[in-house]
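Welcome, and thanks for bringing your viewer along. Keep the sequence panel open beside the model, and let's go from stop to stop.

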Amino acid sequence: MTIFCIITISNIISYSYAEFFSTIINAGVTSLLLGLCIINNFRVGIHGVHGTAWMLFTLSVSTWFVAERIWELNMSTYADLFWFSGYVFYFIFGIMYLKPFVHQISKHTIITSSLVIVPIFIVVLFTIEWQSISHMDMITVSYPLVDTIMLIPSIIGLTLFFKGKVRFSWTLLFIGMIMFVIADYGFMYFDSIKEYYPGHIVDVPYIWAYVIFIGGIVANINLFKKHDKNKRFNDQNLMK
């Protein structure tokens with residue numbers, strides 16, 4: 001009995017510390033990301049396809065930042081509203097950011113990227129018990145479905161990188177979303193078996209997603225310090 005109590009107390013303490021450090025790290029990383037996004041917007045401007053795309057990316061980061069803060073207040077319903085809004089902004093950002101490369105994106109790439117998400121959709125749909133699903137369960141399973149759609153521009157972006165069409169730093173913006181997808185799948189699984197808690201190990205991919213985004217933003221800011229019109233990446237900023 002004594003041993004059981006010691007183990008229980010140690011688990012509570014570890015959980016509390018995990019939640020504390022997770023909250024602190026999350027707040028620091030997301031604040032840094034949002035600040036860098038704003039700086040990047042001032043450097044790039046709001047004109048042209050590229051400028052508009054970056055504005056949308058900043059809007060997505062802003063809504064996720066608000067969602068994170070609301071989530072910390074245990075107001076998950078309101079947090080979900082901001083999370084989904086961020087996904088919408090990010091998806092439009094992804095499409096607009098890929099637009100300058102439309103002539104380099106083959107129909108085969110688009111079809112393949114779309115087909116990749118079909119098995120994921122099927123798996124998620126068949127794991128849902130529609131007969132007994134609640135309102136909160138519906139919101140939880142919506143994340144992987146929405147994330148699956150986010151994979152389309154991300155896969156296309158990675159394809160362009162492996163074809164040597166774009167820089168790796170540019171691709172970080174899509175790798176970050178893939179990390180979000182991994183995190184949401186993990187969250188859905190652990191939440192379904194009632195093992196998720198604030199500061200859970202599954203929160204790590206969320207942090208890494210933000211860190212990867214920061215890498216992409218920093219690379220973009222540094223890239224525009226030396227404006228080279230011969231680079232395809234920079235040409236996007238000049239498109240009207």
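Start by selecting helix H3: Ala79, Asp80, Trp83, Gly86, Tyr87, Tyr90, Phe93, Gly94, Tyr97 and Leu98 are its buried residues. Buried here means under 20% relative accessible area, exposed means over 50%, and partly exposed is in between (1.4 Å probe, protein chains only). Helices (H or I, at least four residues) and strands (E, at least two) are DSSP runs, numbered from the N terminus. H3 has 23 residues, and its first and last C-alpha atoms are 32 Å apart, close to the expected 33 Å. That expectation is 1.5 Å times one less than the number of residues in the helix.

A word about what is on your screen: this is a predicted model, in which local features need pLDDT of at least 70 and side-chain atom pairs count only at pLDDT 80 or more, while totals for chains, interfaces and linings use all residues. Residues are numbered from 1 along each chain as its sequence is written, and side-chain values use heavy atoms, with hydrogens and water left out.

Now show the whole chain. You will find eight helices and zero strands. Of its 240 residues, 43% count as buried.

Next, select Phe57, Trp64, Tyr90 and Phe180. Within the largest nonpolar core, which has 48 residues, these four touch the most other members. Helices H1 (2-44), H2 (48-72), H3 (76-98), H5 (135-162), H6 (168-192) and H7 (204-223) each supply at least two residues of this core. A nonpolar core is a set of buried Ala, Val, Leu, Ile, Met, Phe, Trp, Tyr and Cys residues joined through side-chain atoms within 4.5 Å.

Zoom in on Trp64. Which residues does Trp64 touch, not counting those up to four places away in sequence? They are Phe82, Trp83, Gly86, Tyr87, Tyr90, Met177, Phe180, Tyr210 and Phe213. Contact means heavy atoms within 4.5 Å.

From Tyr210, move across to Val29, in helix H1. Val29 counts as buried because its relative accessibility is 13%. Val29 and Tyr210 are 181 residues apart in sequence, yet their C-alpha atoms are 6.7 Å apart in space. Leaving aside neighbours within four places in sequence, Val29 is in contact with Ile207, Tyr210, Val211 and Ile214.

Now go to helix H2, where Thr52 is found. Is Thr52 buried or partly exposed? Thr52 counts as partly exposed, because its relative accessibility is 32%. Beyond four places in sequence, Thr52 touches Ile46, His47 and Met96. Measure from Thr52 to Phe93 as well: these residues are 41 apart along the chain, with 8.1 Å between their C-alpha atoms.

Stay in H2 and select Glu72 and Arg69. Their side chains meet in a salt bridge (2.7 Å, N to O), and the structure holds one salt bridge. The term means a side-chain nitrogen of Lys or Arg within 4 Å of a carboxyl oxygen of Asp or Glu. Glu72 and Arg69 are three residues apart, about one turn of the helix. Just after H2 comes Asn74, whose phi is positive, near 60 degrees.

For the last stop, select Ile111, which sits in helix H4 (residues 107-126). Add Leu115, Val118 and Ile122: with Ile111 they form a nonpolar patch on the surface, with about 350 Å² of accessible area together. Patches are made of residues with over 30% relative accessible area and no salt bridge; like charges are joined within 9 Å, and nonpolar side chains (Val, Leu, Ile, Met, Phe, Trp, Tyr) within 5 Å. Accessible areas come from the Shrake-Rupley method with a 1.4 Å probe; for residues, only the protein chains shown count as cover.
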